[in-house]
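Hi,

Here's the structure I said I'd pass on. Have a look at it first, and my notes are underneath.

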Amino acid sequence: MKKVLTAACVLVSVVAAGCSVGVREQTGGGGEQGGPIKIAVVPKAIGFDFWENVRVGAECAGGKQPDVTVHWDGVHAESDVSGQQSLLQSLLAQGDVKGLVYAATDAKALADVTKSAQGQGTTVVNMDSGTSPQPPDVPVYATNNVAAAEQATDVLAEQLGGRGKVAFIEFQAGTSTNETRGEGFKRGMAKHPGLQLVAQQSSESDFNRALQVTQDILTANPDLNGIYAANEPSVLGAAEAVRQAGKVGQVKIIGWDTSEGEIQALRDGVITGLIAQNPFKMGYAAVNAAVAEIRGEPNPAPDTDTGSTLITKDNVDSPEVQNLLNPSCDNPPA
């Protein structure tokens, strides 16, 4: 029987980062013999368009596999590291989870959860963001953030004619995603000496915080020419600040992710480019990899780079981009 469950977030008491995790021994049918498998899939946070598309992909993969249950759960803020730790620990303690697929909110803080899961025999696969250290037998299905960020910075440089003052809105220090997107941006900046980085601030993955820091940057740098924003809340907050300042078109914004608000701002000319990831593929490939590992089958998705596409007003309505923006199990994006 195939079934998919979506669970409400249930948090146990917060456990400090780095402490040991108490878990139960695995019980139930043997996945290696083709028995029922429960896969817990935990994003950085629920309620964001990006993670909803991850859910669609994960549940699609589970629905196509015999005797696989996908249990989706998560905290409500990407900055809630201790909350995610507690949730993952609670899932492991239940004893019936054979596979854990999750995106780490903090690379170092979540490393012990992976270690504990593997210690009790639970298969672990990361999606979007891994841990530090990253065990060699735990794959990370994610965008090549460095390459995509570098490409986006090249586009920003092109839009600015190779010269101008630029600000960087990051989102959460300590996450591998934040660090690699910053690395790619700085690689791109190094190729364009006419660009000058005048400010770097964190949105803490919060729209209001992104709005405030961008307003502060615009006040301190009235001649700002461009903004590179590293995730959805950062992009939306920066776009709103530029809109309120009456500088639409004067300040170019290149950013990440493709929420409805971001796409509309792209159409309106507030945002000049978006790096579209493939969250559906992240969830789909990660669940399939976990099931294959549990059942001792060949991994159907050994390539862990889930790809990215740069979206502008020129290609946003193309069939390929629309399929990426509106994924479904019947018509999954490549």
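Below is what turned up, going from the empty spaces to the crosslink, the rings, one helix and a few backbone oddities.

Before anything else: this is a predicted model, so please read everything here in that light.

**Pocket and cavities**

Let's start with the open space. The largest pocket holds about 200 Å³. Its lining is made up of 14 residues, and Thr 123, Val 124, Asp 137, Pro 139 and Glu 293 are the ones nearest the centre. Two elements, strand E5 (123–127) and helix H9 (279–295), each give at least two residues to that lining. H9 has the largest share, with 4 residues. If you're thinking about the chemistry of the wall, the lining splits into 7 nonpolar, 4 polar and 3 charged residues.

Then there's the enclosed space. I count 3 cavities of 30 Å³ or more in the structure, and the largest cavity has about 130 Å³ in it. This one is lined by 14 residues, with Phe 50, Trp 51, Glu 78, Asn 231 and Asp 257 nearest its centre. Helices H1, H5 (176–190) and H7 (232–244) each bring at least two residues to the lining of the largest cavity. The breakdown for that lining is 5 nonpolar, 3 polar and 6 charged. Keep Asp 257 in mind, as this residue from the cavity lining comes back further down.

**The disulfide**

How many disulfides does a search of the whole structure find? The count is 1. The partners are Cys 60 and Cys 329, and their sulfur atoms sit 2.0 Å apart. The link is right-handed, with 70° about the S-S bond. Cys 60 is part of helix H1 (residues 49–64) while Cys 329 is in the segment after helix H10 (319–325), so the bond ties together parts that are 269 residues apart in sequence. The two ends are not equally covered: Cys 60 has 4% relative accessibility and counts as buried, whereas Cys 329, at 29%, counts as partly exposed.

**Aromatic pairs**

There are 5 aromatic pairs. In one of them, Phe 168 and Tyr 228 have ring centres 5.3 Å apart and planes at 45°, so the pair is tilted. Phe 168 belongs to strand E7 (residues 164–170) and Tyr 228 to strand E9 (residues 226–229), so this contact ties together parts 60 residues apart in sequence. Phe 168 and Tyr 228 are both buried. For Phe 280 and Tyr 284, the ring centres are 5.8 Å apart and the planes are at 15°, so that pair is stacked. Phe 280 and Tyr 284 are both in helix H9, 4 residues apart, or about one turn of the helix. As a reminder, an α-helix has 3.6 residues a turn, so residues three or four places apart point the same way. Phe 280 is buried, with a relative accessible area of 3%, while Tyr 284 is partly exposed at 26%.

Going back to the strand pair, Phe 168 and Tyr 228 also join Phe 185 in a cluster linked by ring pairs.

**Helix H4**

I also checked the length of helix H4 (residues 145–159). Its 15 residues should span 21 Å at 1.5 Å a residue, and the end C-alpha atoms are 21 Å apart, which agrees. Buried residues in H4 include Val 146, Ala 149, Ala 152, Thr 153 and Leu 156. Just after H4, Gly 161 has a positive phi of about 70°.

**Backbone oddities**

Most residues other than glycine have a negative phi, and most peptide bonds are trans. Here are the places I'd look at with that in mind.

- Ser 132 and Pro 133 are joined by a cis peptide bond, with omega about 5°. Pro 133 sits in the loop between E5 and strand E6 (140–141).
- Asp 128 has a positive phi, near 70°. Asp 128 is also in the loop between E5 and E6, and counts as buried at 5% relative accessibility.
- Asp 257 has a positive phi too, near 80°. This residue is in the loop between strand E10 (252–256) and helix H8 (260–268), and at 7% relative accessibility Asp 257 counts as buried.

That's the lot from me.

Cheers

Conventions
Residues numbered from 1 in each chain as written. Predicted model: local features only at pLDDT ≥ 70, side-chain atom pairs only at ≥ 80, totals over all residues. Heavy atoms only, no water. 1 Å grid on protein atoms, 1.4 Å probe; cavity = no way out; pocket = protein on both sides within 12 Å on 5 of 7 lines; lining within 4 Å. Points joined across faces, edges and corners; volume = space filled by probe spheres on them. Nonpolar A, V, L, I, M, F, W, Y, C, P; charged D, E, K, R; others polar. Disulfide = S-S within 2.5 Å. Buried < 20%, exposed > 50% of the residue type's maximum accessible area, 1.4 Å probe, protein only. Expected span 1.5 Å × (residues − 1). Phe/Tyr/Trp six-rings, centres within 6.5 Å; stacked < 30°, edge-to-face > 60°.
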